[in-house]
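Please work through the following exercises with the sequence and the model open beside you. Each one sets a task and then solves it in steps.

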Amino acid sequence: MSKNSSAASAGRNVVVVGTQWGDEGKGKLVDWLTESAQGVVRFQGGHNAGHTLVINGVKTALHLIPSGIMRPGVKCYIGNGVVLSVGKLFEEIAGLEKAGVEVRSRLRVSEGCPLILPFHAAIDIAREAAKVKAGNEKIGTTGRGIGPAYEDKIARRALRVMDLKYPERFATKLRELLALHNHVLKTFLHSAELAWDEKIAGYMKDGEIQFDAVFDEAMRQAELIKPMIADVSRELNEAHKAGANLLFEGAQGTLLDIDHGTYPFVTSSNCVAGNAAAGSGVGPQMLHYMLGITKAYCTRVGGGPFPTELDWDVPGTPGYHMSTVGAEKGVTTGRSRRCGWFDAALLKRSAQVNGLTGLCITKLDVLDGLHELKLCTGYELDGETIDILPAGADEISRCKPIYETLPGWTESSVGKTRYEDLPVNAQRYLDRIQETTGVPIHVVSTSPDRDHTILLHHPFSA
């Protein structure tokens with residue numbers, strides 16, 4: 001076979017990333033795009049992420065398993081860039097199976113995934129408590145151990161999925177980890193003085209995580225997960241060569257990226273499109289299209305700067321409208337999301353670091369009924385005007401947004417599937433987003449339902 005014919009037979013691959021602070025509606029779009037894909041890949045984060053899918057009016061919340069699981073026959077992969085709580089994975093599998101979704105034969109888990117274990121969550125919770133006690137602002141973690149698990153990975157001491165296959169090796173590494181982390185918990189974080197919920201307390205005695213409780217549970221979980229453990233890198237490369245279309249599903253959002261986000265108020269992984277390669281074991285030449293998921297306004301959960309934030313808890317205000325109409329609560333945490341105007345200068349930064357091919361605007365329908373909209377095109381920072389989000393939380397916290405005012409609309413955009421059927425001012429608003437960000441809008445979502453989607457250019461089309 002010639003090089004040209006071989007290349008022509010290979011599949012086309014799309015990376016879906018959030019362009020704000022997460023919660024942009026990636027789950028629905030991944031599910032919708034999976035109609036054109038044979039595999040969906042999760043490549044970073046842990047069960048601190050959450051995607052809500054609405055299919056025929058029925059809601060399904062996913063935290064670890066790729067959103068493509070809702071499409072029969074589609075293979076789902078958890079790549080090496082994900083930190084994995086095996087217990088949470090099987091809780092999710094049980095919920096899906098109860099709903100009649102077949103999971104186990106279609107899910108492949110990388111043997112390179114670092115494991116999240118009970119002491120990771122304990123450290124996460126204790127650190128946030130220590131910040132509060134010292135009068136400092138919390139990072140706003142979910143308390144699920146994601147950050148500490150990534151720390152162990154970077155320090156080259158993590159227990160990984162592959163270690164579950166070798167009990168003696170697992171036990172040796174676990175004892176070493178517990179010696180370190182229990183010392184930190186007791187000596188520096190005063191764990192014996194904290195009130196632990198039952199999920200952590202069951203593993204703990206006198207402020208220390210107990211070996212037997214963690215080891216015994218891990219060995220029980222090992223028997224369940226072994227049939228799903230795979231060389232995900234090899235399987236993805238083989239699927240691509242065989243002509244499969246692959247969808248790479250990011251968690252969180254670009255402004256929570258450990259390198260490119262509002263540091264230190266960020267997550268512990270790289271959320272940008274380029275990490276789809278490293279976090280799953282494929283070459284960057286296999287990433288063909290980068291779709292940026294973008295709310296028609298902005299939200300963020302947890303601490304950190306937010307230049308366009310509004311009074312989202314005051315009835316009668318635009319921010320309150322966004323919060324209530326948009327049902328802005330975190331899928332994983334249940335925390336209320338802070339709400340604000342659309343930030344084009346922020347999106348320029350996301351477009352730059354992700355190499356975005358096109359945008360998908362979600363939750364446009366939430367803006368129905370607002371008579372006036374504002375769109376941030378830049379900032380005043382220390383007496384200068386800038387048109388792109390600066391790096392790091394300190395500078396961003398000093399940014400004063402520069403707004404354009406646009407007319408809103410009273411007509412409904414809910415459920416529209418053709419661009420020309422949108423209210424005229426909604427079309428003008430979207431046109432202005434394209435002009436100010438420099439990225440074309442290829443998809444518009446007009447409700448959480450799978451079918452309420454306007455397609456202007458399909459990401460899987462060359």
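**Exercise 1. Find the bridge partner of I78 in strand 6, and describe the strands around that bridge.**

Step 1. The bridge partner of I78 in strand 6 is V109.

Step 2. This bridge belongs to the pairing of strand 5 (residues 75-78) with strand 6, which is parallel and runs over three bridges; two strands pair if DSSP finds at least two bridges between them, and the strands (E, at least two residues) and helices (H or I, at least four residues) are DSSP runs numbered from the N terminus.

Step 3. Along strand 6 (residues 107-110), L107 and V109 point one way while R108 and S110 point the other way, and all are buried, where buried means under 20% relative accessible area, exposed over 50% and partly exposed in between, for a 1.4 Å probe and protein chains only. In a regular strand the side chains alternate between the two faces of the sheet.

Before going on, note that this is a predicted model, in which local features need pLDDT of at least 70 and side-chain atom pairs count only at pLDDT 80 or more, whereas totals for chains, interfaces and linings use all residues. Residues are numbered from 1 along each chain as its sequence is written, and side-chain values use heavy atoms, with hydrogens and water left out.

**Exercise 2. Identify which side chain makes a polar contact with R108 from helix 9, and list the other contacts of that residue.**

Step 1. The residue is E235, which lies in helix 9 (residues 232-241).

Step 2. The side chain of E235 makes a polar contact with the side chain of R108 at 2.8 Å; a polar contact is a pair of N or O atoms within 3.5 Å, where within protein one must be able to donate a hydrogen and the other to accept it, and residues adjacent in sequence count only if both atoms are side-chain atoms.

Step 3. Once its neighbours within four places in sequence are left aside, E235 is in contact (heavy atoms within 4.5 Å) with K75, Y77, R108 and A230.

**Exercise 3. Place strand 10 in its sheet, and say which strands stand at the edges.**

Step 1. The open sheet is formed by 10 strands in the order 9-6-5-2-10-1-11-15-19-20, with mixed pairing.

Step 2. Strand 9 (229-230) and strand 20 (453-455) are the edge strands, and because each has a single partner strand, one side of each is left without a neighbour in the sheet.

Step 3. Strand 10 (residues 246-249) pairs in the parallel sense with strand 2 (residues 39-42) over four bridges, and four bridges also join strand 10 to strand 1 (residues 13-18), again in parallel.

Step 4. E249 of strand 10 is the bridge partner of R42 and also of V16. L246 and F248 point one way from strand 10, L247 and E249 point the other way, and all are buried.

Step 5. Towards the strand 20 edge, three bridges join strand 19 (residues 441-445) to strand 20 in an antiparallel pairing, in which V444 has I454 as its bridge partner.

**Exercise 4. Decide whether K28 is buried or exposed, and find what its side chain reaches.**

Step 1. K28 lies in helix 2 (residues 26-33), and K28 counts as buried because its relative accessibility is 6%.

Step 2. The side chain of K28 reaches the backbone oxygen of D449 at 2.9 Å.

**Exercise 5. Locate two residues that have a positive phi without being glycine, and give their accessibility.**

Step 1. D23, in the loop between strand 1 and helix 2, has a positive phi of about 65° and is partly exposed, with a relative accessible area of 24%.

Step 2. H190, in the loop between helix 6 (167-188) and helix 7, has a positive phi of about 50° and is partly exposed at 38%.

**Exercise 6. State which peptide bond ending at P264 is cis, and where P264 lies.**

Step 1. The peptide bond from Y263 to P264 is cis, with omega near 10°.

Step 2. P264 lies in the loop between strand 10 and helix 10 (275-278).
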